[in-house]
Amino acid sequence: MAAAAGSGIVVPRSFRLLEELEEGQKGGGDGTVSWGLADDDDMMLTRWNGMIIGPAKTVYEGRIYSLKIDCGPRYPEHPPIVRFVNKINLTGVNSTTGVVDLKSVSTLSRWKNSYNIKMVLQELRQHMMMKENSRLCQPPEGQVYSN
């Protein structure tokens, strides 16, 4: 169950995820991130795809990064599991699997049930602009993780 921010009202998980799906389908945000269901037949609204456009003036510029997002049965009380599909060299991302370390992204490490998929994707994009990531050598474009 998800609680509406500060209201004490509990919103069912499916309602919350349907709101996120609707926002994603309407192109919520500035166009630098997007998200939607991986499978339209996923009645539990568990498996999602995400996309991040690499920020300008960074080593990620000109690249489009695909992500897999798993909103388990305890979402939004617990954060989603996020994994890059495209290989990326970014602090907090496992170089073998592409899984984002929960501790490395504050949206995930300090998760609140008012947070959402859009916020996670936007923070990952901000992470790409951080000084420690600005000069990291990137894998050749088009490489993907094997899992």
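Let me begin with the interior, where the largest nonpolar core has 30 residues, and where Trp 48, Ile 52, Phe 84, Ile 88 and Leu 124 have the most contacts inside it. By a nonpolar core I mean a set of buried Ala, Val, Leu, Ile, Met, Phe, Trp, Tyr and Cys residues joined through side-chain atoms within 4.5 Å, with buried meaning under 20% relative accessible area, exposed over 50%, and partly exposed in between, for a 1.4 Å probe and protein chains only. At least two residues of this core are supplied by each of α1 (13-25), β3 (33-37), β4 (47-53), β5 (64-70), β6 (81-84) and α3, and the largest share, five residues, comes from α3. The helices (H or I, at least four residues) and strands (E, at least two) are DSSP runs, numbered from the N terminus.

Before going on, I should say that this is a predicted model, in which local features need pLDDT of at least 70 and side-chain atom pairs count only at pLDDT 80 or more, while totals for chains, interfaces and linings use all residues. Residues are numbered from 1 along each chain as its sequence is written, and side-chain values use heavy atoms, with hydrogens and water left out.

Staying with Phe 84, and not counting residues up to four places away in sequence, its contacts (heavy atoms within 4.5 Å) include Ile 52, Leu 67, Leu 124 and Tyr 145.

Now to Asn 116, which sits in the loop between α2 (106-109) and α3 (117-128). Is Asn 116 buried or exposed? Asn 116 counts as buried because its relative accessibility is 16%. A polar atom of its side chain lies 3.2 Å from the backbone nitrogen of Lys 118, and, leaving aside neighbours within four places in sequence, Asn 116 is in contact with Arg 16, Glu 20, Tyr 75 and Trp 111.

Tyr 75 also brings us to a backbone feature, since the peptide bond from Tyr 75 to Pro 76 is cis, with omega near 5°, and Pro 76 is placed in the loop between β5 and β6.

Two residues other than glycine have a positive phi: Leu 45, near 55°, and Lys 57, near 60°. Leu 45, in the loop between β3 and β4, is buried at 8% relative accessibility, whereas Lys 57, in the loop between β4 and β5, is exposed at 81%.

Finally, the cysteines: Cys 71 is buried at 0% relative accessibility, while Cys 137 is exposed at 64%, and the count of disulfides, taken as pairs of cysteine sulfur atoms within 2.5 Å, comes to zero.

Notes:
Polar contact = N/O pair within 3.5 Å; in protein donor to acceptor, adjacent residues only side chain to side chain.
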